[in-house]
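Hi,

Here is the structure I promised to pass on. Have a look at it first, and then read my notes below.

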Amino acid sequence: MKRFLTLTAIGALLAAPAMADTLRVGLATAQTGGLATYDSPVIDGVHIAVDEINAAGGIGGTTMIELIEKDVRSDAAQTSIAAQELVDAGVSVLVLPCDADPSLAAIGIVSSAQIPAISTCASSPTLPMIGGDYMFANFPGDNVQATVSAAWAREQGHDSTYIIYSPDSQYTTMPLYFAEVFEKSGGTVLGQDTHSIGQQDFSAIATRIASLEDQPDVIMTSAYEPDFPSMLKALRAAGVTSQIIGSDGIDSPTTFSLGDAGEGVVFTTAGHALDGNPLAEFNTKFEAATGNKSETVFNAVGYDLIKVVEAAVLVTEGSTDPQKIRDAIANLEGIQGATSTITYKGTNGMPVRQVALIQVKGGEREYLGSPSPDAAMIPAPRMQ
Amino acid sequence: MELFLQQTANALALGGTYALLALGLAVVFSIMGLINFAHGELMTIAGYVLMYCGIASVPFVIAVPLAITASVLAAVAMERIAFRPVRNGSGATMLVTSFAVAMILQVLFQNLISARSQPVLLPALLSDSVRVFGLVIGVNKLAAIASTIVMLVFLDWFMKHQKTGVAMRAAAEDFAVARLMGIRANTVIAGAFALSGLLAGVAAVLWVSQRASVDPLMGFMPVLKAFIAAILGGLGSLRGAVAGGFLLGFIEIYLAAFLPPEMQEFRDPIGLGIVVLVLLIRPNGLIPSATLKAEKV
């Protein structure tokens with residue numbers, strides 16, 4: 001009898017994991033290379049959410065999440081290879097890098113395998129347009145960010161702008177959206193310049209702007225590290241005093257350590273921690289889990305991503321069928337993430353999320369608000 | 001006119017930085033026939049030293065010599081560990097070794113420091129600008145021009161009046177004969193690497209003071225520019241490297257400054273097109289080295 005009991009107990013233990021379903025999530029993200037600045041904090045946030053959910057017994061108390069991680073080295077070709085490997089490993093959800101271009105490299109694999117793919121933090125609204133039904137973004141769109149920052153600039157009484165953009169990637173063309181909204185709301189665009197990603201020297205552009213007869217009230221760019229600090233310092237050194245507006249790409253510690261040159265810079269990002277709001281709660285969790293303070297909102301964006309997956313699996317009642325999960329994600333409404341509420345219903349995969357406006361003040365972030373953009377002003381996605 | 005002078009000052013500063021970078025490559029190439037693609041990683045090392053000094057609140061005036069020293073030491077160690085065992089290998093062996101060294105260092109930076117870029121705290125003075133003869137020039141531009149001049153004068157003196165420098169020139173001309181005259185190969189080669197480390201360190205301080213951050217892959221872009229400049233000037237020729245660096249700086253700045261707005265998107269291809277054009281006219285570079293000749297067939 002005793003032996004029978006022992007055997008039953010062992011049998012029950014062995015059977016237990018088989019009964020609870022496991023959701024396999026494949027992470028094909030950039031843990032090294034240029035995009036690591038964004039993807040690596042996002043994945044830190046992903047881990048916090050997954051650990052939290054698994055510690056509570058899985059999604060809905062039944063479905064455990066298993067992460068399979070691949071580093072794509074910020075490379076488009078490597079992204080598609082990793083995506084294929086993960087599809088072969090039987091994942092139900094794929095997570096792709098923080099830029100539309102490498103994410104799009106995996107799109108053929110994603111579509112033919114019919115597995116939902118979510119980019120960690122790509123913000124180009126063209127991503128789900130090109131990517132089709134299985135491609136989702138996890139960040140406020142470039143056109144929405146630009147609408148919020150342009151509206152803010154106009155409210156501040158800024159009448160003229162100059163934009164500096166790079167045709168090298170979808171994301172770095174955000175200033176074109178900004179110019180469109182700025183003009184539509186009665187402002188004038190004095191001119192534009194292009195740069196290339198990784199360009200070290202911005203002195204020629206800075207000198208040209210400094211020599212303009214009418215100095216622009218606002219200069220808008222979506223350049224990010226290491227280009228943004230170089231550009232900003234070159235502009236300030238050339239004597240340009242215009243308000244600088246950037247975007248989420250500069251939501252990193254470097255921007256806050258630039259001293260006088262960085263003072264007053266305004267940028268749009270995914271959220272801001274206020275006492276007791278979900279982002280502040282997340283930051284507390286992050287510190288408890290890692291021992292470090294969260295330095296960027298991208299940690300919380302990773303948490304959001306898993307919250308979206310969790311909500312979708314709750315809708316499918318624990319099913320890990322990729323097609324069911326895709327349909328569930330596409331119909332999610334008002335999911336509470338760490339940075340914002342997230343809605344996919346009624347969109348093409350570009351979520352409706354809040355955009356926070358942040359200003360650099362004395363090396364710290366000052367919250368300017370999270371204004372809702374005027375839907376009529378949001379420019380249509382632009383193919384670059 | 002004022003705009004033109006202003007842009008010329010920008011070109012001088014950028015060209016000077018490129019000249020220092022190209023010189024670093026040329027010093028080693030002239031002696032060993034090796035293009036050291038790990039030269040950029042020496043800059044990254046100097047950049048990380050600046051970063052850690054910033055975190056430890058070490059004053060910038062001390063951080064700069066520390067960073068340059070680190071780069072010199074790393075260059076010497078690189079020669080001793082990686083390049084000495086393959087010194088008698090073919091050019092291709094040494095080239096591949098240099099790529100391997102670069103990659104290994106990048107992976108070490110990624111795993112031991114961080115894959116993400118790290119902010120470097122810089123004195124506010126470097127972001128200021130001063131008026132010189134009616135031109136507004138950034139302090140870091142002035143620093144770039146001044147350090148280029150100092151380094152070039154130092155290098156000229158070192159090569160002409162220092163024993164090691166003279167030995168290096170002799171070795172560059174004909175290593176075998178130089179050794180027969182009693183010049184020690186190890187000293188000359190280690191000296192060349194130390195010198196290239198010094199140049200990389202100075203260039204790194206100038207480079208990082210513009211971008212205010214360091215990341216594991218930051219060495220790639222400068223070494224690429226240095227390579228273009230060194231080829232443009234004439235591979236293996238030190239004067240050529242300086243000329244190539246300045247010419248590349250001038251091409252980049254003048255194109256960015258004076259190309260019509262609708263053409264700006266094609267600035268980089270046009271710039272490289274000009275480089276190719278120069279090489280078509282002078283296939284051995286602007287100031288070719290006396291010993292290396294590419295033949296036109």
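Let's start with a question: where in chain B does UniProt place the feature "transmembrane region"? The unreviewed entry puts it at residues 12-37, 49-78, 90-113, 133-159, 188-208, 228-257 and 269-287 of chain B. Keep in mind that what you have is a predicted model, and that those spans come from the UniProt record.

I looked at two of those spans. Residues 12-37 of chain B are 81% helix and 0% strand, with the end C-alpha atoms 25 Å apart. For residues 90-113 of chain B, the helix share is 96%, strand is again 0%, and the end C-alpha atoms lie 34 Å apart.

Now for how the chains meet. Chain B puts 36 residues into the contact and chain A puts in 39 residues. Together the two chains bury about 2900 Å², with 50% of that on carbon and sulfur atoms. In case you wonder what that area is for, the size of an interface is often given as the accessible area lost when the parts come together. On the chain B side, Arg116(B), Ser127(B) and Gln210(B) supply 22% of the area that chain B buries against chain A, more than any other three residues.

What holds your eye at the atom level? The rule finds 1 salt bridge across the interface of chain B and chain A. The partners are Lys141(B) and Asp201(A), whose closest N and O atoms are 3.4 Å apart. There are also 15 residue pairs in polar contact across this interface, counting pairs with both residues at pLDDT 80 or more.

Several elements of chain B supply at least two residues each to the side that touches chain A, among them helix 1 (2-32), strand 3 (135-138) and helix 8 (185-211). Helix 1 of chain B gives the most, with 5 residues. Sorted by class, that side of chain B has 16 nonpolar, 13 polar and 7 charged residues.

Next, chain A. An unreviewed UniProt entry lists residues 22-363 of chain A for "domain: Leucine-binding protein". That span is 40% helix and 18% strand, and its end C-alpha atoms lie 44 Å apart.

The domain assignment splits chain A into domain 1 (2-139 + 275-342) and domain 2 (142-269 + 356-377). Their C-alpha centres lie 32 Å apart, and the contact takes 14 residues from domain 1 of chain A and 15 residues from domain 2 of chain A. Between them, these domains bury about 1200 Å², 50% of it on carbon and sulfur atoms. In domain 1 of chain A, Tyr38(A), Ser123(A) and Pro125(A) lose the most area to domain 2, together 34% of what that side buries.

How many salt bridges are there between domain 1 of chain A and domain 2 of chain A? The count is 0, while 4 residue pairs are in polar contact, with both at pLDDT 80 or more. Helix 2 (36-55) and helix 4 (100-105) of chain A are the elements giving two or more residues to the domain 1 side of this contact. That side divides into 6 nonpolar, 5 polar and 3 charged residues.

Two backbone details to find in chain A:

- The peptide bond from Glu225(A) to Pro226(A) is cis, with omega near -5°. Pro226(A) sits in the loop between strand 8 (218-221) and helix 10 (227-237) of chain A.
- Gln114(A) is not a glycine, yet has a positive phi of about 55°. You'll find Gln114(A) in the loop between helix 5 (107-113) and strand 4 (117-119) of chain A.

Cheers

Definitions and conventions
Residues are numbered from 1 along each chain as its sequence is written. Chains are lettered from A and ligands numbered from 1 in the order in which they are written. This is a predicted model: local features need pLDDT of at least 70, side-chain atom pairs count only at pLDDT 80 or more; totals for chains, interfaces and linings use all residues. Side-chain values use heavy atoms; hydrogens and water are left out. Contact means heavy atoms within 4.5 Å. Buried area is the accessible area (1.4 Å probe) that two parts lose on being put together, summed over both. A salt bridge is a side-chain nitrogen of Lys or Arg within 4 Å of a carboxyl oxygen of Asp or Glu. A polar contact is a pair of N or O atoms within 3.5 Å; within protein, one must be able to donate a hydrogen and the other to accept it, and residues adjacent in sequence count only if both atoms are side-chain atoms. Helices (H or I, at least four residues) and strands (E, at least two) are DSSP runs, numbered from the N terminus. Ala, Val, Leu, Ile, Met, Phe, Trp, Tyr, Cys and Pro count as nonpolar, Asp, Glu, Lys and Arg as charged, and the others, Gly among them, as polar. Domain bounds come from an automatic or database domain assignment. UniProt positions are given in the numbering used here, feature names are shortened, and annotations may be inferred rather than shown by experiment.
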